[in-house]
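Here are a few worked exercises on helix packing and chain contacts. Have the structure open and try each task before you read its solution.

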Amino acid sequence: MNKLLSAAAVGAACLATPAFAQDWPSQTVTIIVPYAPGGIADIAARTVAEAMTQEWGQEVIVDNRTGGAGFIAATAVAQAEPDGHTLFVADMGVNVINPSLFDEVPYDPAADFIPITMISDTPLVLAAHSGTPFETVGDYFEAARAAPGELSFGSAGIGSLNHIVPEWISYEMDLEVVHIPYRGGAPAATAVASGEVEVGVLALSSVGPFVDSGDIRILGVAREERVESNPDVPTLIESGVPNVAAGQWAGLFAPTGTPEDVVGKIHTDVVAFLESDEAAETFGARGAIVSPMAQEDFAAMLDTLRGQFATIIDAAGITAE
Amino acid sequence: MGLIESLELGLVTALTLENLFYCFVGVSVGMIVGVLPGIGHLAAISLLMPLTFHVPATAALVMLAGIYYGAQYGGSIASILLNLPGTASSAVICLDGYPMAQKGRAGSALMITTIASFFGSCVAIIVLIFLAPPLARIAMNFQSADYFSMMVLGLVAAGSISQGKPAMGLASMLLGLIIGLVGIDVNSGAMRLTFGMPELMDGVSIIVIAMALFGVTEVIASVGNGFGAGGKSTTVTWGTLMPTRDEWRQTPWPLVRGAAVGTGVGLLPGTGGGSMASFMAYAVEKRASRRPETFGTGNVAGITAPESANNAAAQSAFIPTLTLGIPGDAIMALMLGALLIHGIAPGPRVVTESPDLFWGLVVSFLIGNLMLLILNIPLIQLWVRILQIPYRLLFPAIILLICVGVYSLERSVFDVLLVAGMSAVGFVLMRLGFEAAPLLLGFILGPMLEENLRRSLLLSRGDPMIFLERPVSATFLGLSVLMLAWVLWGVVRPQRPADETTTSKSMRESMK
Amino acid sequence: MTSYLGSKDAVAGLVTMAIGAGVAIAASDYGMGTPRQMGPGFFPVVLGGLMAFVGVLILFGALRDREALPDVPWRPLVVMPLAILAFALLLPRTGLGPAGVVTVLLAGMAQRGRPGVSLWLLAALLVPAVWLLFARLLGVPVPFIAWTF
């Protein structure tokens, strides 16, 4: 019966005035995630949803709207009532890569979404099959230069971060390495582990098991600074690759038009949770790093990334026809 | 730690009241979503994901896993009774299960599939206990070329799955392969046959196809026949529930072969889980049978082997997931996600660092399957009673369940629209002689076939020898050639003594 | 005697050819690529071509076997997809309740005439039960009644 009433309320809400921070949230808050359950973005969203359910005293649920490279979820968010009851957890793909990759994108990430904060950052590492002689990033570059077009790297698919970052490395270092796309991150990691491809730029969390089993060696991390959990692994930048730093982050967004004070409250509450020890620990255990950010910083970072990636995608000739 | 101690630890963990409870919840929910058409274990598991935050890691995994393999039990029920596959992997059960029900053997068919489910699961669990790490390594070393050759063998072997004219079977399979192309091409990122619809970018869901081609078309046909085909009310006694002695005699080998095929296919990450296993098992069974012409008319082996296979696959799919951290399909990825939520990094360390979780889970599989067996047998009587509902009331209910079930998959109205369109077109095509089973098989194998062919050639820089240089791939291709030769020999052979062919032909005629 | 082109197999052959040719043509601008780097068009063109070829074989086979076209049960063939279509169109606008009732009644009409008492009763009982099962027990977020046009 409750559901029935609340359903009627949804209809009525279309006509009502926008919500304000003091009486927000007045109903279930839905976080839309563009990917299937179990992935990096999904787990980030679920962790935040769990904490905010307690904080806000309203149910916060995660809604996986998979499909179409995130188009379906992004469009749903862009068209949702901007009253703070629909939020969006999205990543590089939806916010930075898609507009440069596809000819037509049914949404505009810069105009349709308000960045609230980054939630977590999963570092990407340059990893090599342990059967290869590469011990360092330098070894790999040397081998790639000695035999252009001989080495291959695996990725989670055309236009995925695991595709673009290695192309970026090749672009900066002037290498020729063949791209082999797989259907998702897990098969790509398995391909490096089995030696079908020599290298791959993979999420640190997904190579973990293979480092344990001795199938994969981590050469470097695509990050501004080293990762606390793997302090011996140098960054690509310190190994001589200029600029290359990009993580598989998940960020929180609201549809444009959401009242400023509501966005402000969400920002404050989520960041407070992310800054807690508990959050650092839960995310840390999964190989991710909590990354609360000021709204302006997050927006500025997105701008920079969009510029950088547009250049790389164009230079490497990556398209989804 | 020795095996005995490990199992002991597992037993202690699995038998705690909490874990028993979550195991029961899991298998029950699994059963329900398995019986319901459309909504599958993936949808159910993702819907129940939030629950896992509030329970310990082991209990969470025990429950999620229970949903997964529980659904395999439920899946065949609606296939047998109503030609309505509850899950994609039980579509093949329709082929012989539904004819059995029409002959009044529904109870017997349900009993046999329940036993086959239990047997297949147990075989795979035993393999998991004794051989998980070495098998997982073998599976990991399967490369693109090997996958490609395996798909070729699959297509050749499955040629037998067609029941009508061979050319129409081939056309149906090709149509399935073509429908499999819809969506973003993994190798180039190009959109193919999507007609500009973002909903089609990830392709057509196998559930949508199965619902349209098996469920709705059967309803249309039955209503068109004035219900000649369905809803024959039978009196339900224990007598009709129990398989006859003859039916029992036909089960042992299909059980074993099905379990072997299922365990093998399930091991390999990325082979689409149970649906490929059950189709392969059906094809193998029909090839192995001395009377292949009886398949599709209610052959007991035709339900035993695939049911045993899809359950075996559901359990052996845990082998690479748990021991190497490689998820074979979306559901396994979800399980890994559940582990991650609890801060446990999947991979080889799980076995050594969280032995209670690993062995507790494994033992819970056995307990869960036992629960399912005990739950299922008394329920058979209830399920069979569905057939006593007048069909004029049953079929609108079926249509409603298909609609809600398909919608629940991804909460996509588009998927429901697709079912409407595909069932209309599919019905006309099937009246013309197209067949649903080869189409579905082409759909399952097609994307893997193309992806791995192109990937292999990319890896070998265009050298086709890659398929012969790898021993596994070469073996599969060799078997494919042998099988093709055998089939062709069968076509050429009828120039033998005329009387023999005429008798076998008239026998076939009388079977119809 | 059925005319050749009106026989079941001839029609099946023509349909197969048409689908195959259509796919091959539609895919021809996807790019064929090279053996080393096959384009996205290669597989669909080959499959479409093969299918068209099989269509020709079926057409030839039809010379021998002039089976008449089977009857088509027009009423259920039209009404059943319509019932599903109605569900898809109504669900997001009215919620599961009204959409479900319409679907059950429409589907029931595939058989004959107007919905009788038993069908109304079925709809009244089944739809709430299905909603409880999916929305409450399995947690699929779908409202029973909504009004968003």
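To start, a definition: a crossing of two helices is right-handed if the near helix is turned clockwise from the far one by less than a right angle, and left-handed if anticlockwise. Please keep in mind that the model you are looking at is predicted.

**Exercise 1.** Describe how α3(B) packs against α4(B): what is the crossing angle of the axes, and which residues meet?

*Solution.* Step one is the geometry. Helix α3 of chain B covers residues 41-48, and its axis comes within 9 Å of that of α4(B), crossing at roughly 160°. Angles over 145 degrees count as roughly antiparallel, and α3(B) is therefore roughly antiparallel to α4(B).

Step two is the hand: α3(B) crosses α4(B) in a right-handed sense.

Step three is the residues. From α3(B) come H41(B), A44(B), I45(B) and L48(B), which meet L64(B), I67(B), Y68(B) and A71(B) of α4(B). Sorted by character, the residues of this contact are seven nonpolar, one polar and no charged.

**Exercise 2.** Now turn to α2(B) and α4(B): are these helices roughly parallel or antiparallel to each other?

*Solution.* Begin with the spans: α2(B) runs over residues 17-35 and α4(B) over residues 57-82. Their axes come within 6 Å and cross at roughly 30°. The cut-off for roughly parallel is under 35 degrees, so α2(B) and α4(B) are roughly parallel to each other. This crossing is right-handed. Its contact residues comprise 21 nonpolar, ten polar and one charged.

**Exercise 3.** Work out which element of chain A gives the most residues to the side that touches chain B.

*Solution.* First, the overall contact: 41 residues of chain A are in contact with 42 residues of chain B. Next, list the elements of chain A that give two or more residues to this side: α2 (40-56), α3 (71-79), β7 (178-181), α8 (185-194), α9 (204-212) and α11 (277-285). The element that gives the most is α8(A), with five residues. Finally, look at the character of chain A's side: 17 residues are nonpolar, 16 polar and eight charged.

**Exercise 4.** Which residues of chain C does UniProt list as "transmembrane region", and how much of the spans 12-30 and 42-63 is helix?

*Solution.* The unreviewed UniProt entry lists residues 12-30, 42-63, 83-107 and 119-139 of chain C. In the model, residues 12-30 of chain C are 84% helix and 0% strand, with end C-alpha atoms 28 Å apart. For residues 42-63 of chain C, the values are 91% helix and 0% strand, and the end C-alpha atoms lie 33 Å apart.

Definitions and conventions
Residues are numbered from 1 along each chain as its sequence is written. Chains are lettered from A and ligands numbered from 1 in the order in which they are written. This is a predicted model: local features need pLDDT of at least 70, side-chain atom pairs count only at pLDDT 80 or more; totals for chains, interfaces and linings use all residues. UniProt positions are given in the numbering used here, feature names are shortened, and annotations may be inferred rather than shown by experiment. Helices (H or I, at least four residues) and strands (E, at least two) are DSSP runs, numbered from the N terminus. Axes are lines fitted to C-alpha atoms, for helices over the stretch in contact, and angles run from 0 to 180 degrees between N-to-C directions. Angles under 35 degrees count as roughly parallel, over 145 as roughly antiparallel, 65 to 115 as roughly perpendicular and the rest as oblique. Ala, Val, Leu, Ile, Met, Phe, Trp, Tyr, Cys and Pro count as nonpolar, Asp, Glu, Lys and Arg as charged, and the others, Gly among them, as polar. Two residues are in contact if their C-beta atoms, placed from the backbone, lie within 7 Å.
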